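This briefing introduces one protein structure to a reader who is new to the subject. Please look over the sequence and the structure shown here before reading the points that follow.

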Amino acid sequence: MAGPELTRPTGRERARMVEHDLAGRGVTDRRVLDAMAAVPREAFVPTPHELLAYEDRPLPIGSGQTISQPLIVALMLQAAAPAPHERLLDVGTGSGYAAAVASLLVAHVFSIERHAELAEEAADRLRHMGYRNVTVRVGDGTLGWPEAAPFDAIVVAAGSPEVPAPLIEQLAPGGRLIVPVGPRSDQRLFRYVRDFGGRVSRDDLGPVAFVPLIGAYGWSRGE
Ligand code: SAM
């Protein structure tokens, strides 16, 4: 028997995803929900997967990487509590989807990706789609982006064995760092906050499973 027929996703499916998969599962920040409702996820996944764009799950984007699950993108941005005048560092550009959503929430997004091919594709895609306040570059995001620091918010879309020290250092006073930390296959999502006196506190937002963050302050390639 044939399965359900898949058709090209529409704005209606995006709205359903926002209400059912996001608002129904812990995303309460209206700005984040509106940003998720405004970005067409199907434009960020390779053609064979665009029909699945509004399923709440990661999808392959090439170079062995994935576009993150929409719920996780929304929960991480909500945890980062971005304000319209702020600057956000996005580590792990991947397809550029999370950077596009973040660009609707802050003044400027700096997005860094270690795979040159993914970074170039994402930069082209974001430019063509009119996301003008995103700068993408190729590099090791565990080192942060010293020339553009400090950041009000940093969101890391890959799991690290320990929190990368440069990212803590590049947090502005009042800044928030959202980062998965732990073993290679499953991590805890942590939020680090630098207060205005320079002290850094941490809270645990729960279990997550991300691809590895590979770099000087993350996993080494062969590990
Ligand atoms: N946010 C992305 C999106 O919306 O498509 C998904 C990110 S994917 C889950 C994680 C990305 O982190 C991969 O593209 C991977 O190549 C990248 N990555 C891993 N280690 C990195 C590092 N040290 N610096 C920058 N990017 C890294």
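**Helix H3 and its surroundings**

Immediately after H3, Ala81 adopts a positive phi of about 45 degrees. The model is a predicted one. The points below begin with this residue and with H3, and then turn to other parts of the chain.

**The end of H3 and the loop that follows**

- Ala81 is situated in the loop between H3 and E3.
- Ala81 is not a glycine, yet its phi is positive, at about 45 degrees.
- Most residues other than glycine have a negative phi, and most peptide bonds are trans.
- Because its relative accessible area is 43%, Ala81 is classed as partly exposed, a class that lies between the limits of 20% and 50%.
- Ala80, by contrast, belongs to helix H3, and its relative accessible area of 0% makes it buried.
- Apart from residues up to four places away in sequence, Ala80 touches Ala153, Val155, Arg176 and Ile178.
- Between Ala80 and Pro70, which are ten residues apart in sequence, the C-alpha to C-alpha distance is 15 Å.

**Glu86 in the same loop**

- The loop between H3 and E3 also holds Glu86.
- Is Glu86 buried or exposed? Glu86 counts as buried, because its relative accessibility is 8% and the limit for a buried residue is under 20%.
- If residues up to four places away in sequence are not counted, Glu86 touches Ala81, Val106, Ala107, His108, Asp152 and Arg176.
- Arg176 is thus a residue touched by Glu86 and also by Ala80.
- The C-alpha atoms of Glu86 and Val193 lie 15 Å apart, and 107 residues separate the two along the chain.

**How H3 is enclosed**

- Why is H3 described as largely enclosed by the rest of the structure? The reason is that ten of its eleven residues are buried.
- These buried residues are Pro70, Leu71, Ile72, Val73, Ala74, Met76, Leu77, Gln78, Ala79 and Ala80.

**The packing of H1 against H3**

- Two packed helices are described by the angle between their axes and the distance between the axes.
- For helix H1 (residues 11–22) and H3, the angle is about 70 degrees and the axes are 10 Å apart.
- H1 is therefore roughly perpendicular to H3, a description that applies to angles of 65 to 115 degrees.
- By class, the residues of this contact between H1 and H3 are five nonpolar, no polar and one charged.
- On the H1 side the residues are Met17, Asp21 and Leu22, and they meet Pro70, Leu71 and Ala74 of H3.

**Val32 in helix H2**

- Helix H2 (residues 30–38) contains Val32.
- Val32 counts as buried because its relative accessibility is 1%.
- With neighbours within four places in sequence left aside, Val32 is in contact with Val27, Ala74, Leu77, Gln78 and Leu105.
- Among these partners, Ala74, Leu77 and Gln78 are also listed as buried residues of H3.
- Val32 and Val18 are 14 residues apart along the chain, and their C-alpha atoms are separated by 9.8 Å.

**The largest pocket**

- Rolling a probe the size of a water molecule over the atoms shows where empty space is left.
- The largest pocket encloses about 660 Å³ of space.
- This pocket is lined by 38 residues, of which Ser68, Ala157, Ala158, Phe210 and Val211 are the closest to its centre.
- Which elements supply at least two residues each to the lining? They are strand E2 (65–67), helix H3 (70–80), strand E3 (87–91), helix H4 (97–103) and strand E4 (108–113).
- H3 provides the largest share of the lining, namely four residues.
- The lining comprises 22 nonpolar, twelve polar and four charged residues.

**Other backbone features**

- Ser63 is located in the loop between strand E1 (59–62) and E2.
- Although Ser63 is not a glycine, its phi is positive, at about 55 degrees.
- Ser63 counts as partly exposed because its relative accessibility is 36%.
- The peptide bond that joins Ala149 and Pro150 is cis, with omega about 5 degrees.
- Pro150 is placed in the loop between strand E5 (134–138) and strand E6 (151–156).

How values were computed: Residues are numbered from 1 along each chain as its sequence is written. This is a predicted model: local features need pLDDT of at least 70, side-chain atom pairs count only at pLDDT 80 or more; totals for chains, interfaces and linings use all residues. Side-chain values use heavy atoms; hydrogens and water are left out. On a 1 Å grid over the protein atoms alone, a cavity is a set of points where a 1.4 Å probe fits but cannot get out, and a pocket is an open set with protein on both sides within 12 Å along at least five of seven lines; lining residues have an atom within 4 Å of a point. Grid points are joined across faces, edges and corners, and a volume is the space filled by probe spheres set on the points. Ala, Val, Leu, Ile, Met, Phe, Trp, Tyr, Cys and Pro count as nonpolar, Asp, Glu, Lys and Arg as charged, and the others, Gly among them, as polar. Buried means under 20% relative accessible area, exposed over 50%, partly exposed in between (1.4 Å probe, protein chains only). Contact means heavy atoms within 4.5 Å. Axes are lines fitted to C-alpha atoms, for helices over the stretch in contact, and angles run from 0 to 180 degrees between N-to-C directions. Angles under 35 degrees count as roughly parallel, over 145 as roughly antiparallel, 65 to 115 as roughly perpendicular and the rest as oblique.
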